[in-house]
Amino acid sequence: MSFLQIDKVCKSFGTIKVLRDISLDVEEGGFLVLVGPSGCGKSTLLNTIAGLEKLTTGEIRIDGNVIDDLPPSERNIAMVFQSYALYPNMNVGQNIAFGLEMRGMPKDERDVKVRDVAKTLQIEHLLDRKPGQLSGGQRQRVAMGRALVRNPQLFLFDEPLSNLDAKLRVDMRTEIKRMHQTLGTTIVYVTHDQIEAMTLGTRIAVLKDGIVQQYGTPAEIYNDPSNLFVADFMGSPAMNLIPAVVRGNAVEMARTGENPLVLDFKQLPGDVAAYEGRNIIVGIRPEAITDADNRALVRDGQQAVTASCLIDVVEPAGADIFAITSLGGKEVVTRLHQDWSGQANQHAELVFNLEKVVFFDPESGIRLR
Amino acid sequence: MSRSTQPSFGIEKLLRAALYSVLILFAVYYLLPLFVMLVNSVKTLDEIRGGNMMSLPEVFTFEPWLVAWSKAQIGVEPTGLSPYFINSIMMVVPAVTISTALGALNGYVLTKWRFPGDKIIFGLMLFACFIPFQIVLIPMARVLGIIGMAGTTSGLVLVHVVYGLGFTTLFFRNYYAAFPDELIKAAKMDGAGFWRTFTRILLPSSGPIIVVTVIWQFTNIWNDFLFGASFADFDSMPMTVALNNLVSSSTGVKEYNVHFAGAVLAALPTLVVYVVSGRYFVRGLMAGAVKG
């Protein structure tokens, strides 16, 4: 049985439905990431797990016990907030100890625990400082310390890295992942950053308008998106979504001033056959389109098509070169080897990895399999 | 410095001199009443009658202060102002404490424990700030009579608490509105309830707004004359009313030196409050502005 069960949870504020029938299961020691654009309900869902918001219908269970009617403090859950929410009038030690104090733990016992946690997080030298005297990264650590010290059965993180600068964010991301690996405590983590979601999660739930769009492992979400929204939202640069026409076992993408580009498949997925002669959306990630020499990106035995395309813009990014071409009236980003020597406004041979191509209905956005 | 800026440098100096002259002139103008009061309170009555209001005393005497404090005729009793000074203290301290505490609590509930209709409640409390003193006199007299608190110091405390609540609530509500909600949520997760969140998290961060509220309430309640004159009887009369009785008594000789001393005595506590906490007052207003 799973450790955290979110069962058909709905939440409305007046007539506005913020969460609609959300069901998610997380195994013990799992790392669930809730990701989505702002206003998708991910923070509300986190608050209902924490007990800071009452859910309208549905049930949340931890380890088989329904927690809906318990106040936040009795759920044995700790939370790290976006602003860290450190009490400004207390020093770091008092901040970390506050939760223990509220639970009536004697002072000497508290001191031992605070010292242990401070040691783990390497903030021992900061214990007497006030939050106002700390840097962003230090505050982040103190906020984590305050959560850790209670030794909860579930951690909640509400966009904990969004206030940090880019470099620190990457460092702290690694630190959170390491902490999860060492402690093995179940974590629910909210973010709008899809890279954080991919790197941290063992399971990702993509939310939009209070509905779970897709729930799966990072690899499933990335390679096997269930609709256009997920395909577009996850991945950077985003997946190329190209309008095309189905012709038998091939798809045709219009090009200005040239013959259409034809991708010839051995066998198109079953659903696509019904679209014969009609428009569909073809989804190809940038790394599935590469230069002819960059065979590393197309494994042996995978179907591939090579075609000559006009390159509009070349964007060197260090490790890779992103070249932009135009297909079906859309800009298409391709990811080429850093030693590729082509030029803008010239043709280049591009390899399309057909095994990585996915198809969507243009109206409903639903994945065609 | 180039030559062309040389003349403008002279003009600048001139302007500065003019500015300071104007400022000094205004300062003198504003300080003059205080000067007159202090100087004449240490003169003998003969010297005031015979001489210039502005001149320094020829014979320096503290007698008028002693008379004003403990001997002057107030109404029918020759008690001086001291019992009424005590009355004022007995009224001001509880009234300021209670109205500030209730204001803080109201502000906390109205911002952090929102309930349906909270905005209407706050709007109504805000309305209390715009009600003139005179309008509440008769209803308040009725209420005090019914609950048996007419003519007592505790009755006056009640009046001032009720009247001040609108202001103190407004101050604290606006201050706490800028206080991050996530801190309250964190306290909830940590297991702090309604009171402990208030006393351990919010109150320790409320220093500036407490100072502002205390100064405001202290000044208003100490200086109030109308409520004191309307609702107090002879035993609970505050300083302001006693001062009026001293100054406007129609019998005997007008002892101006005693009147001046009494007036300074009556103004002294507010002066002390401003001098002691004035810098917090400014800092409090600034802190609210920047933190928001």
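**Exercise 1.** Which residue in E2(A) is the bridge partner of A:Phe13?

*Solution.* The model is predicted. Start with the strands. E1 (residues 4-13) and E2 (residues 16-26) of chain A pair antiparallel, over seven bridges. Now go to A:Phe13: its partner in E2(A) is A:Ile16. Then check the turn. The hairpin has two residues between its strands, and A:Gly14 takes a positive phi near 65 degrees there.

**Exercise 2.** Find how many bridges join E1(A) to E4(A), and name the residue opposite A:Cys10.

*Solution.* Strand E4 of chain A spans residues 57-62. E1(A) and E4(A) run antiparallel, with five bridges joining them. In E4(A), A:Thr57 stands opposite A:Cys10.

**Exercise 3.** Identify the residues with the most contacts inside the largest nonpolar core, then trace the contacts of A:Leu34.

*Solution.* The core has 162 residues. A:Leu34, A:Leu156 and B:Leu81 have the most contacts inside it. Helix H7 (residues 153-177) of chain B gives the largest share of this core, 11 residues. Leave out residues up to four places away in sequence: A:Leu34 then touches A:Lys42, A:Leu45, A:Leu46, A:Val188, A:Val190, A:Ala205 and A:Leu207.

**Exercise 4.** Describe the contact between the two domains of chain B.

*Solution.* Set the bounds: domain 1 is 3-71, and domain 2 is 82-252 + 263-291. Their C-alpha centres lie 34 Å apart. Domain 1 of chain B puts six residues into the contact, domain 2 of chain B four. On the domain 1 side, helix H1 (6-41) and helix H3 (63-71) of chain B each supply at least two residues. Sort that side by class: four residues are nonpolar, two polar and none charged.

Technical notes:
Residues numbered from 1 in each chain as written. Chains lettered and ligands numbered in written order. Predicted model: local features only at pLDDT ≥ 70, side-chain atom pairs only at ≥ 80, totals over all residues. Core = buried A, V, L, I, M, F, W, Y, C linked by C-beta atoms within 7 Å. Buried ≥ 20, exposed ≤ 12 C-beta atoms within 10 Å, placed from the backbone. Helix = DSSP H or I, 4+ residues; strand = E, 2+ residues; numbered from the N terminus. Contact = placed C-beta atoms within 7 Å. Pairing = 2+ DSSP bridges. Domains from an automatic or database assignment. Nonpolar A, V, L, I, M, F, W, Y, C, P; charged D, E, K, R; others polar.
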